[in-house]
Amino acid sequence: MAASSGKQRWAGAVKQVTKSNFAAALQQLRTDVDSADIVAISCRKTGDSVASSRRHPWHRVLPIDTPEVAYLKARLAAESYEILQFAVCPFRLRGHKVLAYPYNFHLFPRDEINLIGPSYSFSCQTSFLTSMAQEGFDFNACIYDGISYLSRVQESMVKERNPIPQIQPISSCSSLSVADSIFMSRIKSRVVHWWNICKESSNTIDGDLIESLRKLISGTELYGSRPSMSISVCSDRQVQLVLQTVSHIHDDIVPLVVPDKPGGPKAVRIVLTSSEEDKNLLMTEIQNFENEQDLRVRGFREVIDVISSSNKPVIGYNCLHDFTFIHSKFIAPLPPTLFEFMCSLRLVFTNILDINHLSKEIGPLRKAKNLCAALSYLKRQFFVPIDIELPPEAAEENSNKAIHGNNVLQITYLFAALNALLKLNPDGQLPQGQNIMSIEDYSNIFYPICTSLQEPDDELNYLMEHAKKSSSDNLVFLWGFSQLISSKELKRELQQIHEVFMEDFELQLMDKTCAAIVFSRSGLAEALLKEMGSGKFCSDALLIKTSGLRAVGYDAYRKVCMSGLWEADLADSLENIIAGSTNSLSASSEKDSSEVYWGSESTINLSEL
Amino acid sequence: MRNLPLFWARSQTLILWLIPGLRRFSSAAAGVAVKNVTRSNFEPALEDLRARVREADFVAIDLEMTGVTSAPWRDSFEFDRSDVRYLKLKDSAEKFAVVQFGVCPFRWEPSRGSFVTHPHNFYVFPRKELPIHGPSYEFLCQTTSIDFLAKYQFDFNTCIHEGISYLSRAQEAEALKYLSSKYLDGLANSFCNLEEHEDIPLGRTADLFFSERMKAKFQEWRDAILKGPDKGCVYKENADSNEMQFQTVFFKMRPAVFLDGFSSHQLNLIQLVVRKHFKDLVYICVVDENKSWQRVVYVETEEDKASFMKEVQQDLIRVEKRVESAVGFRHVVDLLASDGKLIVGHNCLLDLAHIYSKFFGPLPSSMMEFILAVHEKFPYIIDTKHLLNSSQVIQFLMKRSSKSLSSAFSLLCPKVSSDSQNSTSSTFVRFEIQADETGSSCFNSGAKHEAGYDAFMTGCVFAQACSHLGIKFEVHTPSYDLARNDKIKKYINVLYPGWNSGTVVNLNTGTESPESGYKRKYPAVIFANIVLIWGFPSKLKPKDLKDCICSVFGPDSITSVFFIDTTAALIQLSKEEFVNEILVLKDTLERENDPISVLHPLSKLLEGGKTCAANYDTYRDICAASASKVLFADQADSLGIRWKTKLGTGSQETREASCNETTTEVKSLVEHLSGVRANFRRQFKHQISCDDILDSLNVSKSLHG
């Protein structure tokens, strides 16, 4: 099947899920994921670190960024923007045939339980919203009926703050002190007394007054329709003692632990059931209530949990961007380093496969700047008959032929095609081990950096064309020049002020205050920094419109990103960093150098800002 | 009705209660025909509105935004000095977007004895309309605000798909400069001499090869055109190794090559090649609907070249037109500002801040500058919230009930809001809403919290209040001037600052002054006595904090403790010296890690090693930063604050500052000791409204007083 015809053919194929049909869709997704080989995911956000922000152009992931820095920028984006759509497609691969079950979930971070909202506020890039609007995205549906969610960390906070009575297993206490025995015997006599009264009263018919008086005296309350009694406790040990005591009295008593607000136990509530069946009924009731509560609290995150617990390989396009979002929204706040992020993510998704990485295997495909480009290249260059089979009922349900979430089908298609081309699984079974890229190869994701699911951004198109590898040792960040200068002018002026600039170098403006310079010959950067440090450099810098020209090595830039000094022009952030840590920077010669890509065409043209 | 002049023939007049028998609406919100304006009907609506505003006696406005506070601690507190409050206002106006703008002109019609109104509801969205490359706009949404808008059925689709875009004055100038320079560049480059452009060095061999190849290709293409009998034929590049194809297109009736798929560096090289080697080819950059296109055009002669350039120049004028249309919604704001009309808003300081930052330019750094700048644009502004608060007549009428717009509206204008039958009473001002029949599809019946309807309510409340203040609309000539009327003079240009500070903002003088009727309930906040502490252990409750400090400085040392959020607190001490003493003590304790300092009562506060402390100015600096982390402590971190204690630089300086601060007329005692809030560590929904604070005040008052 041709990729281009896919758009029409797939129209309406993706099941659109909002609040109203979420519970049902979740059930179905569970079975679909269970029977699938692989799960493809894709999300639509209100902004991304691929697109540049108006205020701070240097926040965009740039070719000069090391994986660590790129992660920090992706982290910043994941913390600022919101996911509005999350498409999931569990699929089975049978040679050239793909059985796909695509879903598209509409999300909105509403505060559903009036306790904790998933996010206080979020940023929107208008270009993202506009392009979604052009696709006919229904923002009302998303905001009115979008599914909310809480991350795992947020859920545990809710549990702590809004505890519900639970059934707790009994663990026998090893040694009983005298005080414990006294406590137990007191509880026992109380419960037995109460139990007797309840049994008696159920046999006699009294007036309302006597009934209520009896309740008052015996301390009987109602749990649903069943009689119950609260026993106050002040420690976990006492809870265990009560549970132990109650279990010896009678089988028809069900103890529930009522937790206190900060997490500790407050009381044990014992509920009297009339029979064995009634007891089972009560247990299922409690279980159902808990499940309902969980679903309400977790919301969309159940989908993430389903995918996570299935241990199926997950494929995506631009995994770094998508998974930083997933981690920050559905799991926990993002850790400060890439390494910690990878460890943490791996605990949730054991096997993530980045299509970008897989595409690298087919040389020219690495040039493709987005999913559509990759697909059309494949279609032009190879004959890969991939047949995507979709569940028939989905197409019928969606008469509106919505194309939302079709990206996930394109990812699925691309994967199937690559799979066939690279002969990853000749017998329709996924080979274990070597061919499925595991998360160890995750850092490879950074090549190519600026791919996007959106239509290509014009300025990024040729970013990688002249990209060449360069060591971060050869990079220098320079600031203190006139803010109105263009990169060309700056380069010309630099050539006149110092001999190191007579040699070949590339210059790129990071924002209007700061430029990055890469020297092709190693050692020059170091020489420049040393000379600038000695102070004799600036004397003849008359051509530069301000005299305070300053420079630092890559390490300072890395530190700026690590310490999260995002909310300023790069020059100010760099100043801030060197002001704080003069010592560590002078020792920058021993820094570990990393490979970065330098794209001569990725200049941010300031006249275009 | 039938005998009315021509004007009425076009319009359908909806009279709410004046004339029985006309169409009447049942509920409060349903009766007002509000005109919805989007991209599609903006131009005619703007022309229409021009006339209405010109005739109007006053114009009521209202805005709906995507949010109010970018972080819980950005809410206004009693402990905020006026400069801090302005910083919070500025932050809000800079970060959030305006999504709806209500404009409602009111004109007194003596012949009808009523106000004629035209409520307009503009959907606004900061779309990028011009083909200027570069980053897109970005704005913040507060989840609760979006949810609030959704609750009142706000149509996000209309807003995002159809909202009217805008450019501020600064952006317009920039766009014009950019677009015309792009054109002029093209022109200049095409004409200028080689000498001036030798600065594009053909340094790399790759560049040389590329230039040579391009030269050959253009040669080939031109020759093909010249010798080909039909110039329109598609010329196909036959060099097999090359993917690029030159396709002949026509541009201004001349054969041209469309340059697609080249990098900007390559385009520069092409430009150089064309200029250097081809006298009859012109390189031109054309700004099109969405982006700019580069073309190389064939011109037959020098005269043809000249006439071609002229044609291109005419395009430039069209570009200017496009920029003008991209100005979009700002035309409405310009219209409001142009006539010096009386503008009426309800609690409108934030609205004005939004209007200024979106449509005029960046907000100034101080409240004073901002106020004067607003005053220059809008010379007459009435804040109905202030009017309702300060007029005793109206206070009496309102029976001191809630001062929200909708409750004021239903109290003061019951006839409009409930559409009741007995319309004889003369104390009520009459309103008529006019809607053109022609565009009836874009009318909806207004609803609460829709900008157009809110503007209408604001205007009604104002007119009614004027009547209560003794202005007789009936006896005035049609051309009387409300803005100069003595009866409301003292309310003009005095704004309610949007927080419970007991002050009002005077636009004429640019200062904040005490509100006349405000009853001072609490002793003044003395900012010099305040110490800011953040990053302390989360289990610490206000009570613990108080005990901790009292055990060092004595039981009377603390005047009040205010928790900004769970991670930070402002503590007002009874003496100014205590501020420095605490900072010094904390610093010493952290330096000396001996057993004595561990046992020191203050060390409880320092547990965890992340506790920082500073004076009030640091609080202001942190509020001034543009980041907005949810928790205050994270915000401080994100500024790169590395010190843990900011010691006063000198007592001299501190004293000087305190003189100014103590005179600031902001006051209150907030004994925020109930401790309820302290549990909510890392709570995302953490909004403390003024009411909450007052509640806890009352609680603590009964406890301690």
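How many bridges pair strand β19 (residues 530–534) of chain B with strand β21 (residues 568–573) of chain B? Five bridges join β19(B) and β21(B), in the antiparallel sense; two strands count as paired if DSSP finds at least two bridges between them. Helices (H or I, at least four residues) and strands (E, at least two) are DSSP runs, numbered from the N terminus.

This is a predicted model, in which local features need pLDDT of at least 70 and side-chain atom pairs count only at pLDDT 80 or more, while totals for chains, interfaces and linings use all residues. Residues are numbered from 1 along each chain as its sequence is written, chains are lettered from A and ligands numbered from 1 in the order in which they are written, and side-chain values use heavy atoms, leaving out hydrogens and water.

**Chain B**

Chain B has 26 helices and 22 strands. Of its 705 residues, 57% are buried, meaning under 20% relative accessible area with a 1.4 Å probe, protein chains only.

β19(B) and β21(B) belong to an open, antiparallel sheet of four strands in the order β20-β21-β19-β22 (chain B). At its edges are β20 (558–565) and β22 (612–615) of chain B, each pairing on one side only. Within the sheet, Val531(B) stands opposite Ile571(B) in β21(B).

**Chain A**

Chain A also holds an open sheet of four strands, antiparallel and ordered β16-β17-β15-β18 (chain A). β16 (505–509) and β18 (550–553) of chain A each have a single partner strand, so one side of each lacks a neighbour in the sheet. Strand β15 (residues 475–479) of chain A is joined to β18(A) by four bridges, and Leu478(A) stands opposite Ala551(A) in β18(A).

Helices lie across both sheets, as tabulated here; axes are lines fitted to C-alpha atoms, for helices over the stretch in contact (heavy atoms within 4.5 Å), and angles run from 0 to 180 degrees between N-to-C directions.

| Helix | Strands crossed | Angle |
|---|---|---|
| α20 (576–591) of chain B | β19, β21 and β22 of chain B | about 150° to β22(B) |
| α18 (487–497) of chain A | β15, β16 and β17 of chain A | about 135° to β16(A) |
| α20 (554–562) of chain A | β15 and β18 of chain A | about 80° to β18(A) |

Elsewhere in chain A, helix α10 (residues 276–298) packs against helix α11 (residues 301–310) at about 105°, with axes 7 Å apart. α10(A) is therefore roughly perpendicular to α11(A), a term for angles of 65 to 115 degrees. Asp294(A), Leu295(A) and Arg298(A) of α10(A) meet Arg301(A), Glu302(A) and Asp305(A) of α11(A).

Definitions and conventions
Angles under 35 degrees count as roughly parallel, over 145 as roughly antiparallel, 65 to 115 as roughly perpendicular and the rest as oblique. Buried means under 20% relative accessible area, exposed over 50%, partly exposed in between (1.4 Å probe, protein chains only).
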